[in-house]
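Here is a walk through one protein chain, from its salt bridges to its overall layout. Keep the sequence and the model side by side as you read.

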Amino acid sequence: MLDIKFIRENLDTVKNAAKVKNIDFNFDLLLDLDRDITELKGKVQELQEKRNSHSKKIPKASAEERPALIEEGRAIGTELDAIKPSLTEKELELRNLLLQAPMIPSPDAPIGNDENDNVEVKKHGELPQFNFKPLDHVEILEKQNWAEFEKIAAVSGSRSYSLRNDMVLLEMAMHRYALEKLQSKGFTLVSTPSLAREEALVGTGHFPTGRDQVYYLPEDDLYLSGTAEVQLNSLHSKDILSEDKLPILYAGYSPCFRREAGSYGRDVRGLIRVHQFMKVEQYVICKNSPEESNKWHKILLETSEEIVQDFELPYRIVECCTGDMGTGKVRMYDIECWVPSEQKYRETHSCSQLHDWQSRRTNTRYRDNDGKVQFVHTLNNTAVATPRTLVPFLECHQQEDGRVRIPEKLRPYLGGAEFLGK
Ligand SMILES: Nc1ncnc2c1ncn2[C@@H]1O[C@H](COS(=O)(=O)NC(=O)[C@@H](N)CO)[C@@H](O)[C@H]1O
């Protein structure tokens, strides 16, 4: 969320942010509301002062003056009561609008419309060359009895899957590997619920615009979050942390749920786009400094690169353009891993810095060493998300005999096995 003062004083900058992010935002309505609220607050203040000075006269007044004075005081109170509901309504309307105002993107972020305008900034790893006809990930899974789709779809609906046998162990090995790596880098491991209250989804920026992507449980007024970022981002809501406690590094581990509304027909086969998946999430709260945010953005990205390299997957990094990064982001990189059956790179990680856009929503602050209270900066990145990561993994490591080679770094988590499958 932006500071309304910032918008008043930098209207062109904020209008440009909406333009380059293709966000249709009604600044005139926002500023009209802002003006109305300022006027109404002025009126309330004036009436309260009038009522205070007025009420002081009553004890000193004579018996015949008193009834008129009391009546006038009552009239002021009635006028005040008449203003408050519309002031409250306009303040709520302004807040809801402010929640949709776009964060200013980094001047270094590429300007563009959508993912086609994302810029490739790095490529790593040789693409696999097969001297046999490679299978796609669904064929590998079915050949090895490593997953089931049809029967579970009859039970759980579309975009569901169940992993079986060694695939369950491989998925856990990937998460265990990522969690241990993050722990070794000083991250606090946190298993989080997927259930979340509305304000936690507002806190990350998933609400108000992304409601249609989130499962809702009306009886309990709870939501199923699509990422542990939601829970981690509200853990310190309303806190005033001390600077020496920063940065806070969390590795969140949770089931993630997504409705994938609007993705009808996309990636309907297999494990790329499902309704429920597991993710290890890197999440950082740091001090209010663009340099500090850039430093952690780089660390988070490099950590995920290490994991992808340890999985021996060819990948590229793209910097997301302004039209693809979303409302709250300052800067965002995706890691995309090579999927042979599609002959293209597919997103497996998303690494973002948001400065104080989220912390203004959760009111997460810190007292700096000069005693000044400031909003923190937040960042997040995927460490590993399955089953999507299994797709490049199975396809790139498949052998002609149908087995799948296990990269050296993962073998200790799979009883030392060099291959899975028969
Ligand atoms: N519907 C889905 N099915 C399977 N995997 C998914 C799905 N949606 C996202 N993912 C995985 O989760 C990763 C992170 O999702 S994200 O929305 O891009 N980003 C976040 O959630 C951030 N909190 C960083 O993790 C994606 O890169 C992808 O690997």
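A salt bridge here is a side-chain nitrogen of Lys or Arg within 4 Å of a carboxyl oxygen of Asp or Glu. The model is predicted. In it, R211 forms a salt bridge with E198, and the closest N and O atoms are 2.1 Å apart. The pair links distant parts of the chain. R211 sits in the loop between α8 (198-204) and β6 (215-217), while E198 belongs to helix α8, and 13 residues separate them in sequence. Because its relative accessibility is 36%, R211 counts as partly exposed. E198 is partly exposed as well, at 26%.

That pair is one of many. A search of the whole structure finds 32 salt bridges. Take K122 and E305, whose closest N and O atoms are 2.6 Å apart. K122 lies in strand β1 (residues 119-124) and E305 in helix α10 (residues 290-310), so this bridge ties together parts that are 183 residues apart in sequence. K122 is partly exposed, at 32% relative accessibility. E305 is buried, with a relative accessible area of 7%.

Helix α10 also supplies D310. This residue forms a salt bridge with K409, with 3.2 Å between the closest N and O atoms. K409 lies in the loop between β17 (404-405) and β18 (419-420), so the bridge joins parts that are 99 residues apart in sequence. Which of the two partners is buried, D310 or K409? D310 is buried, because its relative accessibility is 10% and buried means under 20%. K409 is partly exposed, at 45%. Nor does the pair stand alone: salt bridges that share partners join K181, K185, E306, D310 and K409 into one network.

Now turn to the nonpolar interior. The largest nonpolar core has 58 residues. Within this core, M167, L170, F311, F393 and L410 touch the most other members. Helix α7 gives the most to the core, with eight residues. F393 shows what such a position looks like. Leaving aside neighbours within four places in sequence, F393 is in contact with L170, M174, F311, L313, V404, R405, I406, P407 and L410. Apart from this core lies another, of 36 residues, among them V14, L40, L98 and V202.

Helix α7 (residues 166-184) has a surface side too. L169 has its place in this helix. L169 is partly exposed, with a relative accessible area of 46%. Together with V168 and M172, L169 forms a nonpolar patch on the surface, with about 260 Å² of accessible area.

Next, the overall layout. The chain has 13 helices and 18 strands. The domain assignment gives domain 1 (26-98) and domain 2 (115-420). Their centres, taken over C-alpha atoms, are separated by 50 Å. Along its principal axes, the C-alpha trace spans about 105 × 45 × 40 Å.

One residue offers a view of helix α3 (residues 27-60), where D36 is found. D36 counts as partly exposed, at 27% relative accessibility. The C-alpha atoms of D36 and E91 are separated by 9.5 Å, although the two residues are 55 residues apart along the chain.

Last come the totals. The chain has 422 residues, and buried residues make up 51% of them. Among contacts with a separation of 6 or more, 73% come from residues 24 or more positions apart. The chain exposes about 20,700 Å², and carbon and sulfur atoms supply 49% of this area.

Notes: Residues are numbered from 1 along each chain as its sequence is written. This is a predicted model: local features need pLDDT of at least 70, side-chain atom pairs count only at pLDDT 80 or more; totals for chains, interfaces and linings use all residues. Side-chain values use heavy atoms; hydrogens and water are left out. Patches are made of residues with over 30% relative accessible area and no salt bridge: like charges are joined within 9 Å, nonpolar side chains (Val, Leu, Ile, Met, Phe, Trp, Tyr) within 5 Å. Accessible areas come from the Shrake-Rupley method with a 1.4 Å probe; for residues, only the protein chains shown count as cover. Helices (H or I, at least four residues) and strands (E, at least two) are DSSP runs, numbered from the N terminus. Buried means under 20% relative accessible area, exposed over 50%, partly exposed in between (1.4 Å probe, protein chains only). Domain bounds come from an automatic or database domain assignment. A nonpolar core is a set of buried Ala, Val, Leu, Ile, Met, Phe, Trp, Tyr and Cys residues joined through side-chain atoms within 4.5 Å. Contact means heavy atoms within 4.5 Å.
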